[in-house]
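Trainee: Got a minute? I'd like to go through this structure with you.
Mentor: Sure, pull it up.

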Amino acid sequence: TRYARLLEGLEVTEILCSEMVRENEVTRFDAEYFGSSVLSVMRKLQSIKAMPLEKMAAITDGIHTSLPFIDDGEVKVLSAKHPKDNFIDVSQFETVSAAFHAANPRTALRENDVLISTVGTIGNAAVVTKEILPANSDRHIGIIRLADEFFSPFFLSTFLVSRYGRMQSVRETTGNVQPNLFISKIGRLLIPRFSAAFENAVSASVQCAYVQRKKSGNHLQNAEQALLHALDLDVWTPPKALSYIRPSSEAFAAGRLDAEYFHPAKSQALSELRTMSDVCVGDLFNSVRDLWQPHQASAMAVRNHDLTDALDPFLDPTKPATLPSEIASTKKQVAAGDLVVSRLRSYLREIAMVLPGDGANTVVSTEFIVLRPKIPKGLAVEALLVYLRSILPQTVFKWSQDGSNHPRFDERELLNLPVPRALIAEQKIYTKAVQQMIEQRQQATRLLNAARHAVEIAIEDSEAAALAYLAEQSSQE
């Protein structure tokens, strides 16, 4: 009884030594590798005769050497941050030259390659589509190239992000400081096969989701281009001066002496905007500074968003909640209809809406500036989102940053930013475009979730049950 009390709430797995050393070259015997949940997954996959991925595909990784990134290069570089939950994040890429790309054919990506992240959030997977190409890759992603043309890469990526795929990826991860999923371990992941009818149905759902994500991106891109045209900024480019002079009065007024703050690109951008405006962001929006302390919070879980969550134009309302005890630092509280703007690395356009119906029990990094519309003055947050992502505000933010390791701009730079009259007058155009983008992005998410769950149903129950589930989900779209 005494020992039973000591073990209360703990988990114990007992296995044979012969089972422990089977396909275990490094002789791992840690609890993570032999936890009851992961062993249950492995036994289930073995019971349906799942096969190692290395028997179905060629597997490699990206370039191991330092990459010579350049601005506006012809070829994108994908890394561990790009594969997400069965889609590739296209919001930001580093680039290299076409010559460097041609000199590294092993790591050059092809259409229908399946990518899997091997550091960071390990196990994210997605399929390379032709819109992303040409592209190369760094060492932090695994590249899976299927040998069987009748085995859909979209089905494989869906399995990899399912419970049965992710648990295997996490199980095979090794390392303490920077855990890594090595290429040899990717080849050992067990992959189940099903009928062509089921695999094609899953693939069709995923491909439809990819189409919806592309359409959603087009809505936002078209809105940004329409705004530039309305402001007569279609061909505006920031100047690239090597030297410039400013009076000391400007430096002392700003409290800054660094050259970056007085860059001509920023000065010209502000000059252009001031001719278009008689109001600024602070006239239309309040900056909300309501803080949330985890040690003072109730036991209720919250959705905790960091800066990278704002690379998408809205915060994901389906992100899993976190208990306050698992959050170490102060956060900001947000409400539905707020706009969050990262003041750190703003040139990555980390700007996102808090969707209507969301915001309850949602907190964000204190590196976000939280904007809330003033009443009765009005500019829709959707229109402000489009505007802040455009070239002139981004130029101002880029050259307003301070600091070396983690450059950030002051909140005043955002609140004092001029808002063009044309944006206010035509805000309905931009509001509609953003709303269409959100609707299609959410539809894509539903399709991806349905495909993933269908794979899990097929493994745990039957293909018939999984196909019935997919048909039911499709009828609700």
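Trainee: At what angle do helix α8 and helix α17 pack?
Mentor: About 30°, with the axes 10 Å apart. Keep in mind that this is a predicted model. Here α8 covers residues 196-230 and α17 covers residues 463-476.

Trainee: What do we call that arrangement of α8 and α17?
Mentor: Roughly parallel, because angles under 35 degrees count that way.

Trainee: And is the crossing of α8 and α17 left-handed or right-handed?
Mentor: Left-handed.

Trainee: Which residues meet there?
Mentor: From α8 you have Ala197, Phe198, Ala201 and Val202. They meet Glu463, Ala466, Leu467 and Leu470 of α17.

Trainee: OK, another helix pair. How do α3 and α6 cross?
Mentor: At roughly 120°, and their axes come within 10 Å. Helix α3 is residues 36-47, and helix α6 is residues 163-171. That angle makes α3 oblique to α6, and α3 passes α6 in a left-handed crossing.

Trainee: Which side chains should I click on in α6 for the contacts with α3?
Mentor: Try Arg163, Tyr164, Met167, Gln168 and Arg171. On the α3 side, the residues meeting them include Val38, Leu39, Val41, Met42 and Leu45, and Ser37 and Lys44 are among them too.

Trainee: Switching to sheets. What's the strand order in the open one with four strands?
Mentor: β10-β17-β14-β15, and the pairing is antiparallel.

Trainee: Why do β10 and β15 each have one side without a neighbour in the sheet?
Mentor: Both stand at the edges, β10 at 285-288 and β15 at 351-353, and each has a single partner strand, so one side of each is left without a neighbour. As for twist, neighbouring strands are turned by 25° against each other on average, direction ignored.

Trainee: How many bridges join β14 to β15?
Mentor: Three, with β14 spanning residues 339-342 and the two strands running antiparallel. One to look up is Val341, whose bridge partner in β15 is Ile351.

Trainee: Which helix lies across that sheet?
Mentor: Helix α12, residues 381-388. It lies across β10, β14, β15 and β17, and runs at about 170° to β15.

Trainee: Last topic, cysteines. How many disulfides are there?
Mentor: Zero, counting sulfur pairs within 2.5 Å.

Trainee: What about Cys208 and Cys280, buried or exposed?
Mentor: Cys208 is partly exposed, with a relative accessible area of 33%. Cys280 counts as buried because its relative accessibility is 17%, and the cut-off for buried is under 20%.

Note on methods:
Residues numbered from 1 in each chain as written. Predicted model: local features only at pLDDT ≥ 70, side-chain atom pairs only at ≥ 80, totals over all residues. Heavy atoms only, no water. Pairing = 2+ DSSP bridges. Axes fitted to C-alpha atoms, helices over the stretch in contact; angles between N-to-C directions. Contact = heavy atoms within 4.5 Å. Buried < 20%, exposed > 50% of the residue type's maximum accessible area, 1.4 Å probe, protein only. Parallel < 35°, antiparallel > 145°, perpendicular 65-115°, else oblique. Left-handed = near helix turned anticlockwise from the far one by under 90°.
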